[in-house]
Amino acid sequence: MQNWITPKNIVVCILITPVLLIPFFYKGGAALLPMHLVIMVASYIALAQTWNILSGLTGMFSLGHATFYALGGYSLAVAMVKLGLNPFVGLAAGIVLSAFFGLLLGAISSRLTGFFFTISTIALAQVIRTVAMQWTPVTNSITGLKIFRPIVSRMVFFYVAIGLAVAVSIFFAYLRRSRMGSMFVAIRENIHLARSLGVDVVRYKTISSIIAAMLASVVGSFITYYIQVVDPNYLSPLISEKIIMVTIIGGMGYAWGPIWGSVLILLEEFIRGTLGARYAPLATALYGVILIVFMLFRPNGIVSINLKRSFGMAIAALTPAKNIEAAARPEGK
Amino acid sequence: MFFEIDGITKRYGGLVANSDVSLHMNQHEIVGLIGPNGAGKSTLFQIIDGFVRPDSGSIRFKGKELTKLRTSRINKAGIACTFQHAQLFPRLDVLESVMIGAYCRTMNKSAARQEAEKLIAFTGLAGKESTLIDKLTMFDRKRVELTAALATQPELLLLDELFAGLNSTEVSEMVDLTLQIHRELKTTFLIIEHVIKVIMSICERVYVLDYGKVIAECKPNELSKNPLVVKAYLGEEYDAS
């Protein structure tokens with residue numbers, strides 16, 4: 001419950017500003033790849049942030065969040081390819097459809113809590129995946145749907161993606177500080193106490209699930225419009241797992257969590273660039289190692305790293321033995 | 001009648017936790033509920049709070065039937081509780097924990113904040129608003145739990161062993177606080193307690209539960225003269241002598 005304008009937030013904003021200017025640093029086609037990377041990272045931030053609402057704030061640990069992402073993607077594609085409608089109609093349809101499934105998930109969560117809820121989210125994702133594979137007339141099965149759209153400058157996608165990530169993150173931060181956010185964390189922290197303090201648990205779980213579903217669907221629609229294809233891989237557990245990993249490594253339940261964590265997505269591209277595409281899957285193994293290290297030493301993620309104290313310890317490690325204790329001690333003690 | 005429990009029975013398989021329990025309370029009374037371990041006191045509290053459904057019987061609060069209501073509705077009706085093992089929001093700070101209680105009565109954030117700050121000062125936690133619950137002592141945790149319950153503006157407050165695990169200074173402070181709440185906020189109390197000093201100093205009436213049944217209802221100072229109570233706590237032999 002702190003103020004918005006903290007020194008840390010200001011410093012981070014200044015550090016992020018150069019990213020916004022990427023399209024102007026490069027001449028001609030050279031900007032396309034960095035812009036693509038930023039678009040992917042920003043989309044992951046937005047998507048992970050919606051998972052963060054459901055699982056980080058409300059404590060409903062979902063392993064099937066890609067469901068809503070895919071619903072957004074397929075709605076857009078089906079509306080455009082099969083029905084010849086405006087993409088915004090597809091976007092709206094995706095939001096409505098996801099809200100319905102979010103409601104369904106909320107209803108499930110009133111009966112199933114903890115692991116049982118988590119398993120039901122996997123089941124939901126697999127059901128939707130089966131539909132996407134089998135309902136060939138609409139979804140084109142494994143081939144997926146290819147969208148034809150007018151040529152749009154990548155710079156537009158670049159700024160829309162960043163705008164989306166910023167908007168969803170600010171929404172998250174606002175939500176966390178609002179009455180509803182307090183209700184969500186009360187449910188996460190202690191469901192019995194929340195009930196006894198008058199929190200209508202089923203209602204707020206459902207609201208949380210609907211909000212997360214609708215926003216995830218918007219991200220899905222955006223990505224589909226950008227990469228111009230949607231296929232059952234959208235429902236692969238890999239996507240759900242990746243957003244979970246980046247959020248946990250960044251810090252679950254914090255607005256900055258998915259933002260820090262999503263930078264890790266670049267790791268994969270970095271490996272692809274330096275070692276070649278053959279080694280790209282190595283990134284997944286590295287995510288795993290990073291996740292384990294964080295679980296062991298910083299279970300609350302990157303956001304919980306206290307720079308002042310860490311520097312103090314680093315200095316201590318480099319100074320002669322007798323000074324170690326003094327340097328490692330936090331200030332004022 | 002302000003608060004009335006009528007013929008509550010709850011069975012867990014072959015075990016009868018509450019058997020035809022009836023009790024009543026007037027407004028602004030402090031009533032104790034005592035009994036040996038396993039007598040069914042906490043079960044009765046859980047039934048009042050709506051966490052557990054009774055097999056039969058009814059609970060009426062200011063003429064309103066509570067037995068079918070959800071826990072959050074029971075709280076809105078005006079009953080709050082603290083738990084036997086302090087229940088808190090471990091990763092939240094004191095202010096937000098209390099505000100969550102205050103949100104029960106208001107949709108407005110600044111109103112909730114004001115109410116929470118007022119109550120935090122009232123229960124002597126001022127200065128600890130931004131401390132995380134995890135970092136608090138047992139005594140402070142119990143006070144936070146109490147403050148959060150108070151923030152829901154209850155007319156009836158159920159305290160389940162609020163005084164257990166505190167040292168004697170803390171017990172006296174907590175007794176003073178309870179009496180102050182009773183005096184200034186006009187709250188009615190139903191208290192489960194094992195610390196006999198507390199029962200003696202604040203309760204006006206006491207119900208004694210044993211094997212799920214109410215075996216006595218009397219003034220605290222009459223407890224030791226009641227043969228049934230002595231037998232329940234100390235066993236047969238003492239009854240004979």
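**View 1. Polar contacts and salt bridges between chain B and chain A.** In this predicted model, 11 residue pairs are in polar contact between chain B and chain A, both residues at pLDDT 80 or more. A polar contact here is a pair of N or O atoms within 3.5 Å; within protein, one must be able to donate a hydrogen and the other to accept it, and residues adjacent in sequence count only if both atoms are side-chain atoms. On chain B's side, the elements giving two or more residues are helix H2 (71–77), helix H3 (94–102) and helix H5 (138–151). Helices are DSSP runs (H or I, at least four residues), strands likewise (E, at least two), numbered from the N terminus. There are also three salt bridges between the two chains, meaning a side-chain nitrogen of Lys or Arg within 4 Å of a carboxyl oxygen of Asp or Glu. One of them joins A:Arg176 to B:Glu96, with the closest N and O atoms 2.9 Å apart.

**View 2. The area that chain B and chain A bury.** Put the two chains together and about 2300 Å² gets buried, 57% of it on carbon and sulfur atoms. That is accessible area (1.4 Å probe) lost by the two parts, summed over both. In chain B, B:Phe89, B:Arg91 and B:Tyr103 lose the most area to chain A, together 25% of what that side buries. Contact (heavy atoms within 4.5 Å) takes in 29 residues from chain B and 22 residues from chain A.

**View 3. Two domains within chain B.** An automatic or database domain assignment splits chain B into domain 1 (3–78 + 154–240) and domain 2 (89–153). Their C-alpha centres sit 25 Å apart. Where they touch, domain 1 puts in 19 residues and domain 2 puts in 13 residues.

**View 4. A closer look at the domain interface of chain B.** Domain 1 and domain 2 of chain B bury about 1500 Å² between them, 71% of it on carbon and sulfur atoms. The rule finds zero salt bridges here, but five residue pairs are in polar contact, both at pLDDT 80 or more. On the domain 1 side, H2, strand E7 (156–160) and helix H6 (168–184) each supply at least two residues. H6(B) gives the most, with seven residues.

**Notes for every view.** Residues are numbered from 1 along each chain as its sequence is written, and chains are lettered from A in the order in which they are written. Local features need pLDDT of at least 70, side-chain atom pairs count only at pLDDT 80 or more, totals for chains, interfaces and linings use all residues, and side-chain values use heavy atoms, with hydrogens and water left out.
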